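This report goes through one protein model with its ligand, moving from the overall fold to the surroundings of the ligand and then to some details of the backbone. It is meant to be read beside the sequence and the coordinates.

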Amino acid sequence: MLPDSALQQQQQQLWFSLVFHSIETEVPFWGSFSEGPSVSWASNEACCDCPPCNVGWEPVGGGSRISVGQHQLGVSSVSWEACGGVAVVVSVGSWPSVVFLPPSWPPGIGFSNGETWRQLRQFATATLCSLEERIQERIQEEAGFLVESLWSMKGRPLDPSRLLSRVTTNILCSVAFGSRFDYEDEEFLRFIHLLEENARLQSCTMTKACSGAAAGATGNHRWVYNVFPSVLDYCPGSHQTIFKNTNELKQFISRRVKKEAPQPGTPRGFIDAFLLKMEQEKWNSRSAFSPQSLERSTLDLFVAGAESTSLVLKYMLLALMKYPEVQEKVRQDIDRVIGPSQTPCLADLSQMPYTDAVIHEVHRSLALVPLNVPHAVTKDTLFRQYLIPKGTTIFPALKASLYDKAEFPHPERFDPGHFLDGKGALRKSEFFIPFSIGQRACLGERMASVTIFVCLATLLQHFRLRPHVPPEELDLSPTVGFLTTAPKPYQLSLDPRW
Ligand code: HEM
């Protein structure tokens, strides 16, 4: 246990984080800060010109601030109504080590800043763009395997989670390695297991870290990790499992990299393209392209893209079962534009405004990353009447925008009408930002969109989705992890259409 005075000292250094509507920063924050802005801490009082702050997850209360359930790191407990587009404050523990990375772990796309990030991001964006056609073909192929697996279920009920995560992980395997795995391949299943276990442990570690801080539970070693990361490197705990898993994931990717050799001509996948880039840049001492950043950047694609896309797909199937009339209208769209046997492609969606609106509403309603990932302010920033000092951690609240009452009447309701105009055409909204905005916005938005549409259309070409309870008993309200939300577990059956 830390003595009270030490705790107080730590608390005085607690950083407050801002949750606000617009995104004026570019640097996402991962790992530990070495220093924070110099602010004096005072419970429930404004410090300098900064927005008022508080410690932990106690209700902040009042006015333009949001309230957070006591001692919970549950974003669902945030009262979004209170945001109203105004700067709001939640405080989190200091040095919020969101992702527990060993110090030796090299930077990839999602975990770097500055020149390294710029080079890696530019390369990844260009590569995914040049592979776009090939990626769509891979997704179509994977959607075929999804349907094949579902046929083999012969209408038996299933929880689709495992199958969907195999589908989305395999799509990324095709994109990264240029080839896919059999769904029962042991190496592949181990890879998925490690990714999922890390996501789960990270979420639970962070939850405990912050709830520990909120409750003043200084004996909680996870909280201590945020303050003394180097000490905890030598202590047992779930963060050690994360390190171990991460090393195994790295080895998996490294084995795949060794199988690839840069070939002239069009690269077959991300790794192929990266190896070519490394070769081109081998004389450049400032190059960000190294075997280590290749492994980390490849892993970043899986960490950011596999579970996120499968959760959205899972939520979409649930929504379609809860609202059979929506499912029926999407099916009609598919029959009209694509037909029973043609392979769906993203271009079809432009002729299917209702289906497009449903997909938008799925993203909006789920709000997969409600508080986005933490960013840090790159310079002193004046926001409304508040000065946000350079380096402050902020959480740009995507959900505040996705649930804006003026833009989406009855935001708690699942209603594709939120994205349709009076003539049934797609209504675009600048409040629709599930992939975030700005330079650090999601790199995989296009890939995720193709995956979601092609899987949906292929599924409904073949099946009707049937729930195992009356539709009104299905619960669309998501469960909450640290960074992401997820649909509650459910069972579905698929009735063949033909
Ligand atoms: C429905 C699925 C997805 C959603 C809702 C989603 C959402 C997000 C969000 C909110 C961010 C943080 C943006 C920010 O920092 O402001 C992000 C970052 C990122 N996403 Fe996605 N994502 C999805 C799928 C994917 C896929 C399939 C990939 C794989 C290619 C991917 C790769 C990334 C990467 C690499 C970053 C970090 C970008 C950077 O820091 O420059 N995401 N995503």
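The protein contains 14 helices and 11 strands, and because the model is predicted, local features are described here where pLDDT is at least 70. Of the 498 residues in the protein, 44% are buried. Among the contacts with a separation of 6 or more, 74% join residues that are 24 or more positions apart.

**The ligand and its shell**

The ligand is surrounded by 25 residues, of which A304, G305, S436, C442 and G444 are the closest. Two or more residues of this shell are given by each of the elements α10 (291-322) and α14 (445-462), and the largest share, seven residues, comes from α10. Sorted by class, the shell around the ligand holds 15 nonpolar, seven polar and three charged residues.

**The nonpolar core**

In soluble globular proteins, nonpolar side chains tend to be buried together. In this model the largest nonpolar core has 90 residues, and V312, M316, I452 and C455 are those with the most contacts inside it. Helix α10 gives the largest share of this core, 16 residues, just as α10 supplies the largest share of the shell around the ligand. When residues up to four places away in sequence are left out, I452 touches T309, V312, L313, M316 and I359.

**Helix α4 and the positive phi angles**

Helix α4 comprises 17 residues, 161-177, and spans 24 Å from its first C-alpha to its last, close to the 24 Å expected at 1.5 Å a residue. This helix is mostly covered, with 14 of its 17 residues buried. Just after α4, G178 takes a positive phi, and positive phi values also occur at K154 and at S436, although neither K154 nor S436 is a glycine.

| Residue | Phi |
|---|---|
| K154 | about 50° |
| S436 | about 70° |
| G178 | about 85° |

K154 lies in the loop between α3 (132-151) and α4, and K154 counts as exposed because it has 9 C-beta neighbours inside 10 Å, where the cut-off for exposed is 12 or fewer. S436 is placed in the loop between α13 (398-402) and α14. With 18 C-beta neighbours inside 10 Å, S436 counts as partly exposed, since a buried residue would need 20 or more. S436 is also one of the residues closest to the ligand, so that a positive phi of about 70° is found within the shell described above.

Definitions and conventions
Residues numbered from 1 in each chain as written. Predicted model: local features only at pLDDT ≥ 70, side-chain atom pairs only at ≥ 80, totals over all residues. Helix = DSSP H or I, 4+ residues; strand = E, 2+ residues; numbered from the N terminus. Expected span 1.5 Å × (residues − 1). Near = placed C-beta within 6 Å. Nonpolar A, V, L, I, M, F, W, Y, C, P; charged D, E, K, R; others polar. Core = buried A, V, L, I, M, F, W, Y, C linked by C-beta atoms within 7 Å. Contact = placed C-beta atoms within 7 Å.
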